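Subject: Structure for your review

Dear colleague,

Please find below the structure that I am handing over to you. My findings follow it, arranged by topic.

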Amino acid sequence: QVQLVESGGGLVQPGGSLRLSCAASGSIFSIYAMTWYRQAPGKQRELVATITSGGRANYADSVKGRFTISRDNANNTVYLQMNSLKPEDTATYYCNTYARATSTSNVVGYWGQGTQVTVSS
């Protein structure tokens, strides 16, 4: 089993910055892509940014140029640096990854519990 724990959410004014972290722990043989999603009230969950184990990143158009995803493979942690935040970035942010517990086990998807980001003056 793999546990994902997010942190770093909070209340910030428009134009401000936050840095989210998501640490994976437990029985981990390998971790593949790590992804941030977000879900605002009444809306579907949407992909924000994803990064491969090799460091290749992709972003939703709505956050390109403002958000940066990175990862620390040694510590199984993914980060999301969010700059120039807008009220429409308000959502619960979730971390997702796919991991293998042993060399012979199946690849399984995991989700964190979410961290709230509120952008408001």
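In what order do the 4 strands of the open sheet stand? The order is β1-β3-β8-β7, and the pairing is antiparallel. The edges are taken by β1 (2–7) and β7 (67–72); each has a single partner strand, so one side of each lacks a neighbour in the sheet. From one strand to the next, the twist averages 15°. Please keep in mind throughout that this is a predicted model.

Overall architecture

The protein has 0 helices and 11 strands. Its radius of gyration is 14 Å, close to the 14 Å that the globule rule gives for 121 residues, so the protein is as compact as a globular protein of that length. Taken along the principal axes, the box filled by the C-alpha atoms is roughly 50 × 25 × 20 Å. Of the 121 residues, 41% are buried.

The pairing of β1 and β3

As general background, strands of a sheet pair through backbone hydrogen bonds, in either a parallel or an antiparallel manner. In this model, β1 is joined to strand β3 (residues 18–26) by 6 bridges, and the two run antiparallel. Within this region, E6 is found opposite C22 of β3.

Strand β9 and its partners

Strand β9 (residues 91–100) deserves separate attention. This strand is mostly covered, with 8 of its 10 residues buried. Its pairings are as follows:

- With strand β4 (residues 30–39), β9 pairs in the antiparallel sense over 8 bridges. Here M34 stands opposite T97 in β9.
- With β10, β9 is joined by 5 bridges, and the two strands run antiparallel. T97 has Y110 as its bridge partner in β10. The two strands form a hairpin, with 6 residues between them.
- With strand β11 (residues 115–119), β9 pairs over 3 bridges, again in the antiparallel sense. In this case Y93 stands opposite T115 in β11.

T97 thus appears in two of these pairings, opposite M34 and as the bridge partner of Y110.

A nonpolar surface patch

Which residues form a nonpolar patch on the surface? They are Y32, Y98 and V107, and together they have about 260 Å² of accessible area. V107 belongs to strand β10 (residues 107–111). The relative accessibility of V107 is 39%, and this residue therefore counts as partly exposed.

Two residues with positive phi

Most residues other than glycine have a negative phi. Two residues of this model are worth examining against that background.

N76 is not a glycine, yet has a positive phi of about 50°. This residue is found in the loop between β7 and β8 (77–82). With a relative accessibility of 23%, N76 counts as partly exposed, because the class of buried residues is restricted to those under 20%.

S84, also not a glycine, has a positive phi of about 50°. S84 is located in the loop between β8 and β9. Its relative accessibility is 40%, so S84 likewise counts as partly exposed.

With kind regards

Conventions:
Residues are numbered from 1 along each chain as its sequence is written. This is a predicted model: local features need pLDDT of at least 70, side-chain atom pairs count only at pLDDT 80 or more; totals for chains, interfaces and linings use all residues. Side-chain values use heavy atoms; hydrogens and water are left out. Patches are made of residues with over 30% relative accessible area and no salt bridge: like charges are joined within 9 Å, nonpolar side chains (Val, Leu, Ile, Met, Phe, Trp, Tyr) within 5 Å. Accessible areas come from the Shrake-Rupley method with a 1.4 Å probe; for residues, only the protein chains shown count as cover. A salt bridge is a side-chain nitrogen of Lys or Arg within 4 Å of a carboxyl oxygen of Asp or Glu. Buried means under 20% relative accessible area, exposed over 50%, partly exposed in between (1.4 Å probe, protein chains only). Two strands pair if DSSP finds at least two bridges between them. Axes are lines fitted to C-alpha atoms, for helices over the stretch in contact, and angles run from 0 to 180 degrees between N-to-C directions. The radius of gyration is taken over C-alpha atoms; the globule rule is 2.2 Å times the number of residues to the power 0.38.
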